[in-house]
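Dear colleague,

Please find below the structure that I am handing over to you, together with its sequence. My notes on what was found follow directly after it.

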Amino acid sequence: MKWSEFSIHTTQEAVEPISNILHEAGASGVVIEDIADYEKERSTSLGEIYQLNPSDYPEEGVIVKAYLPVNSFLGETVDAIKASINNLLIYDIDLGRNHVTISEVNEEEWATAWKKYYHPVKISEKFTIVPTWEIYEPVSSDELIIELDPGMAFGTGTHPTTVLCIQALEDTVVKGDTVVDVGTGSGVLSIAAGLLGAKEVTALDLDHVAVESAKLNCKINKVHNIVNVSQNNLLDGIEGPVDLIVSNILAEIIVRFIDKAYEILKPNGTFITSGIIQNKKLEVKEALERTGFTIEETLVMEDWVAFIAKKK
Ligand SMILES: C[S@@+](CC[C@H](N)C(=O)[O-])C[C@H]1O[C@@H](n2cnc3c(N)ncnc32)[C@H](O)[C@@H]1O
């Protein structure tokens, strides 16, 4: 997985609200470099020696840094963060220089370091996502656990667009269903469908790294006999009829295969679409309805929307 460092030069006053915005946007760790920390008088009564490096601190103000996974949503996430930070001006919060820089973090440095930011997370009524390197004891007997090693593929399981899909799957998958997962990434949605009782899942991704990662994660979660992972462009060449299609891809991509999804679904079949940023919601909704789908439910989390649509 690649990481992007979001760095903002701001003021003491703005540190807390900006850190909150970064956490809400999915940053797992926030680093604060404050010149006041460097200049602070420290006790040396017990012989402590402080060796702070002045080059780690700004000459004035505070630098707040956060790490975001590089994925197809990064552009939208960064724009949303900047807009929320600028909104703080309405509350008279002094943003100081408000200077933002984005840079890619050296992958080798982060090859293992990023793992410390991932811990078990309960993401829905039934599901908890557990990184493969963590030990986790289920809290209740009906809890469903997805063990994930996202590696280089998208899908730590905790992105709002993924969480919305898992919540929608929880509400719709019926034992014995046949499911297609378009853009499977780490395989997280296929695994969820399998654990919910689907009898057969077709997991597709254009990216061969994702295909390998999904295969590995399906094995870890013992659903490899149910989930068939392959490299494929959207639904090209896929034949139905199937009970359910789930896809967490950008709105621009979803609209390209709505017709094909409708064609291969059984009557009354379900199409779960996620990865839709708020301002693209209408575009996808209209395209779904034009094709003949009925929107049964609209799920929202932060700036993201997912639809549960039925073929009527
Ligand atoms: C946002 S990720 C979703 C991953 C996972 N399903 C989840 O919910 O966390 C989108 C995935 O779609 C894949 N993708 C993008 N364009 C595609 C296409 N044309 N055909 C198949 N997969 C595609 C990407 O490689 C990526 O793994």
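Strand β12, which covers residues 265-277, pairs with β14 in the antiparallel sense over 6 bridges. Within this pairing, Ile277 stands opposite Trp304 of β14. Please note that the model is a predicted one.

Strand β14 itself spans residues 304-311 and is mostly covered, with 7 of its 8 residues buried. Strand β13 (residues 293-301) also runs antiparallel to β14, and 8 bridges join the two. Here Val300 is found opposite Val305 of β14. The strands β13 and β14 form a hairpin that leaves 2 residues between them. One residue in that turn, Glu302, has a positive phi of about 50 degrees.

These strands belong to an open sheet of 7 strands with mixed pairing, in the order β10-β9-β8-β11-β12-β14-β13. Its edge strands are β10 (227-231) and β13, each of which pairs on one side only. From one strand to the next, the twist averages 15 degrees.

With regard to the β10 edge, strand β9 (residues 200-205) and β10 run parallel and are joined by 5 bridges. The bridge partner of Asp205 in β10 is Gln231. Helix α7, made up of residues 208-220, lies across β9 and β10. The direction of helix α7 is at about 165 degrees to that of β10.

With kind regards

Note on methods
Residues are numbered from 1 along each chain as its sequence is written. This is a predicted model: local features need pLDDT of at least 70, side-chain atom pairs count only at pLDDT 80 or more; totals for chains, interfaces and linings use all residues. A residue is buried if 20 or more other C-beta atoms lie within 10 Å of its own, exposed if 12 or fewer, and partly exposed in between; C-beta atoms are placed from the backbone. Helices (H or I, at least four residues) and strands (E, at least two) are DSSP runs, numbered from the N terminus. Two strands pair if DSSP finds at least two bridges between them. Axes are lines fitted to C-alpha atoms, for helices over the stretch in contact, and angles run from 0 to 180 degrees between N-to-C directions. Two residues are in contact if their C-beta atoms, placed from the backbone, lie within 7 Å.
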